[in-house]
Amino acid sequence: MHNLTSLLTGFWSFICGLWVTLVNTVRPPVTFQYPEKYYVPLEGFRGYPALVVDPETGETKCNGCQACARACPLGVIHIETAQREDKKRYPVEWRLEFGRCMVCNLCVEACPFGALTMSPEYEFAEYRPEDLVYTLGNLKLPPEGFEVRRLDGSTVRTGLAGGGRG
Amino acid sequence: MPADLGAFLQGVFDQVHLWASQSPFWSALFTLGWGIVKVVLVLGFIIVNVLVLVWLERKFSGRVQSRLGPMRVGRPHGWAQTIADMIKLLGKEDIVPRAADKALFVIAPVVIFTATMLVYVVVPMGPRAIVSDLNIGVLYLAAAASFTVISVLMAGWGSSSKWSLLGALRGAAMLVSYEVPMVLAVMGVVLLSGTLSTNAIVKSQSGLWYILVQPIGFLVFLAALFAELNRVPFDLAEAESELVSGFNIEYSGLRFAFFFLAEYANLLALSAIAVTLYFGGWQGPFLPPFVWFMLKTYGFIILVMWIRWTLPRVRVDQLLEFGWKVLLPAALVNLAVTGVYVLLT
């Protein structure tokens, strides 16, 4: 009797399994053809630490306090600052050795001015290791989003709060 | 028009046959030539269908796992992927391991493909489209289909690799546990139709398909079919995740292609046999018999793939237990009930 019931439950779970695969077979695939379609990451995605641009002044919010550089476990952030006429300090050089960066987000959490955020990019391949050292010029992240340069030369517009498939 | 063409070809065939039967030499040559034509036709049928089946399996498994499957080679939907893979396999280096038993190693792929080809002899694809309508068709089928295990053993032993040997021994251990219930299940159909000829079995199903009167027999046959085909959940002889690839692990290039070809040709052949025995074979309204045969066969193949991508692999002892404690009693009960029914009517 026990054998018979276990046989019947086994057969029933077999039917249930078939139902699960059938449901997954008829629904649309979750994957897509990557280089043709571009995945715009969701909010909170960690690309690389990027400097936020203040929409009012058009400058970075960074005043070179070195909090991020001290918080960095790998020491890949180097900041050199200068003083403006109104005694405010600003970064003349903000260098990130992205090749060694482990994208831990600690620098973003350490920043007291909200000047750092994680970029929504993920195509980082370069031909030379030197190109993985990011400087002030390519670290700025405008608030209205920016054009991501694709490897094939085309561009995709992305922002901080994107999401879903592009 | 196709009927006219068929009649015309039949007329030409009859004329040549009549002319050739005048002398023993030409008669023998005619038999040989006609045999070669049949072999070429079956071979072409197998290769074209295997190319489609491999693509279908990859697409289907992709969709089961919510993926896209092959998309790159050939538009739309990567239809040329299998052709590209085939060309790649033909270009690969042919490696024979130094410790291998060379004769067995070389012969095994040929044997497995031959065994698969043998099954096609009794597959009725239409009222007259059958290579040879043997009057012991089902018996021949049971013998020819289990022949592949000999090749699995040859390949596993000949490779002199512990993984392949384990796979081969598993294949041999499986054989005894699924072959007996399978034949017993098929015997139910034989009892009902009263014939061993596959074409006569199809003809006897003009009113009612045997799956409707033999559901238990069909389930036993289906379970044993998976073991026969070396497919998940009973792919113990291959077992990619534990025996890496089982009996065919040491093979490369063309020889591996032969194993691959035989695997899918076997799938097609046994699906065709299942359709013949339980789904009325080529019978069906409106469409030509061959179209019905292909539709049913591909429907059954989809069912087999569906089950394959649903279930995990069982252990060896689970398979033996299932074979002896579940399949065999079920097949025996089915056979007994069918026998009593046939006796009373």
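**Exercises on helix packing and chain contact**

**Exercise 1.** Show why H10(B) and H11(B) are roughly antiparallel to each other in this predicted model.

*Solution.* Step 1: identify the elements. In chain B, helix H10 spans residues 215–228 and helix H11 spans residues 253–278. Step 2: take the geometry. Their axes come within 11 Å and cross at roughly 170°. Step 3: apply the cut-off. Angles over 145 degrees count as roughly antiparallel, so H10(B) and H11(B) belong to that class.

**Exercise 2.** State which residues of H10(B) and H11(B) meet, and how they divide by class.

*Solution.* Step 1: H10(B) contributes Phe218(B), Phe221(B), Leu225(B) and Glu228(B), which meet Leu270(B), Ala274(B) and Tyr278(B) of H11(B). Step 2: the residues of this contact comprise six nonpolar, no polar and one charged.

**Exercise 3.** Classify the packing of H7(B) and H13(B) as roughly parallel or roughly antiparallel, and give the handedness of their crossing.

*Solution.* Step 1: helix H7 (residues 162–193) and helix H13 (residues 316–344), both of chain B, have axes 9 Å apart and an angle of about 15°. Step 2: angles under 35 degrees count as roughly parallel; H7(B) and H13(B) are therefore roughly parallel to each other. Step 3: the crossing of H7(B) and H13(B) is left-handed. Step 4: by class, their contact holds 20 nonpolar, six polar and one charged residues.

**Exercise 4.** How many residues does each chain give to the contact of chain A with chain B, and how does the chain A side divide by class?

*Solution.* Step 1: chain A supplies 11 residues and chain B supplies 12. Step 2: the side of chain A that touches chain B has four nonpolar, six polar and one charged residues.

Definitions and conventions. Residues are numbered from 1 along each chain as its sequence is written. Chains are lettered from A and ligands numbered from 1 in the order in which they are written. This is a predicted model: local features need pLDDT of at least 70, side-chain atom pairs count only at pLDDT 80 or more; totals for chains, interfaces and linings use all residues. Axes are lines fitted to C-alpha atoms, for helices over the stretch in contact, and angles run from 0 to 180 degrees between N-to-C directions. Helices (H or I, at least four residues) and strands (E, at least two) are DSSP runs, numbered from the N terminus. Angles under 35 degrees count as roughly parallel, over 145 as roughly antiparallel, 65 to 115 as roughly perpendicular and the rest as oblique. Two residues are in contact if their C-beta atoms, placed from the backbone, lie within 7 Å. Ala, Val, Leu, Ile, Met, Phe, Trp, Tyr, Cys and Pro count as nonpolar, Asp, Glu, Lys and Arg as charged, and the others, Gly among them, as polar. A crossing is left-handed if the near helix is turned anticlockwise from the far one by less than a right angle, and right-handed if clockwise.
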